[in-house]
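Subject: Structure handover

Hello,

Here is the structure we spoke about, with my notes below it. Please look through it before reading on.

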Amino acid sequence: MRIPDSEELFGNFITTFPNSELKPERSHNIDLGFKFQSPNNKLILNLNAFYRYTSDLIFLNSLTAFESVYMNLLSTKTKGVEGEIKLIPIKNMDIYANITWQDIRLAETDPSGKIPERYVDTQVPNTPWLFGNAGINYSLPVHFFKTDKIQMYYAFNYVHDFFLTWAVDGSEDEKTTIPQQLQHNAGISYSFLKDRFSLSGECRNISDEKIYDNYSVQKPGRSFYMKLRMYLEK
């Protein structure tokens, strides 16, 4: 069971309207997984298949190009697969990649008619169906002091394009689409005094791509961050 969060219930007062009648979603799930791990732990493979039957799925329904509201879909069926690989080619370095494909389809509609019958067995819109990420982490073998750590990382995120509205309505060539998204991030961190203090710098969206959380809500372009962390007691 998943309880609606505050924005799903009350909206954001800009592009999303509130819905006080929103119900928790309930899901019955079946998962089947396979894992391979090499004897030296330098290669790990994971492959999972899943099936979900969900009642009252919480769904962001677009009313117009700039207005939407969260509502419940009576029942949906989801099937999908996900895979992950992790490789440690040399000491202090690990490389990883994972990908997920999911197919979420409407199983039945509410008698109230809020969602028309023609959408039954149609893929639920405004939800990514293919996405993944990859990256590399490396700990530098250089230390100013014995307990210091210097770590670098690079991460790549991918989301395939998907429709904002139901695929059966209108021509696919003219439908509103959340475009394909490619994001590159990189950073470095330095921890010292037995990991009690750490200083990190990060650059997100290095190539300054247009990326989105939701339609018409663009996330920042190329941006830089610095963070200092301190444990008062460790």
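Strands here are DSSP runs of E at least two residues long, numbered from the N terminus. By that rule L47 is found in strand β3. Please keep in mind that this is a predicted model.

Strand pairing, β1 to β5

Strand β4 (68-87) has several partners. With β3 (43-62) the pairing is antiparallel and runs over 19 bridges; within it, L60 has Y70 of β4 as its bridge partner. With β5 (93-108) the sense is again antiparallel, over 13 bridges, and I85 stands opposite A97 in β5. Five residues lie between the strands in the hairpin of β4 and β5, where N92 takes a positive phi near 75°. Strand β1 (residues 16-17) pairs with β4 in the parallel sense over two bridges, and T16 stands opposite S68 in β4.

S68 itself lies in strand β4. Its relative accessible area is 10%, so S68 counts as buried, the cut-off being under 20%. Setting aside residues up to four places away in sequence, S68 touches T15, T16, F17, L60, N61, S62 and L63.

The largest nonpolar core

Which residues make up the largest nonpolar core? There are 10 in all: L57, F59, M71, L73, I104, L106, I115, Y119, V124 and W166. The elements that give two or more residues to this core are β3, β4 and β5.

L73 is the core residue I looked at in strand β4. Its relative accessibility is 1%, and therefore L73 counts as buried. Apart from neighbours within four places in sequence, L73 is in contact with S55, D56, L57, F59, L106, I115 and V124. A further pair to look at is L73 and K114: they are 41 residues apart in sequence, and the C-alpha to C-alpha separation is 9.3 Å.

W166 is another member of the core. Not counting residues up to four places away in sequence, W166 touches F59, L106, I115, Y119, T122, Q123, V124, P125 and K175. Both contact lists, for L73 and for W166, include F59, L106, I115 and V124.

The nonpolar surface patch

F34, F36, L45, L47 and I85 make a nonpolar patch of about 450 Å² on the surface. β2 (26-37) and β3 each supply at least two residues of the patch. The L47 mentioned at the start is one of the patch residues, and so is I85, whose place opposite A97 in β5 was given above. As background when you look at these strands: in a regular strand the side chains alternate between the two faces of the sheet.

Strand pairing, β7, β10 and β11

Strand β10 (residues 181-192) pairs with strand β7 (residues 149-159) and also with β11. The β7 and β10 strands run antiparallel and are joined by 11 bridges; the bridge partner of F156 in β10 is H184. β10 and strand β11 (residues 197-204) pair in the antiparallel sense over seven bridges, and I188 stands opposite G201 in β11. The hairpin of β10 and β11 has four residues between the strands, and L193 takes a positive phi near 55° there.

Regards

Terms used
Residues numbered from 1 in each chain as written. Predicted model: local features only at pLDDT ≥ 70, side-chain atom pairs only at ≥ 80, totals over all residues. Heavy atoms only, no water. Core = buried A, V, L, I, M, F, W, Y, C linked by side-chain atoms within 4.5 Å. Buried < 20%, exposed > 50% of the residue type's maximum accessible area, 1.4 Å probe, protein only. Contact = heavy atoms within 4.5 Å. Patch = residues over 30% accessible without salt bridge, like charges linked within 9 Å, V, L, I, M, F, W, Y side chains within 5 Å. Areas by Shrake-Rupley, 256 points an atom, 1.4 Å probe, with all protein chains shown as cover. Salt bridge = Lys/Arg side-chain N within 4 Å of Asp/Glu carboxyl O. Pairing = 2+ DSSP bridges.
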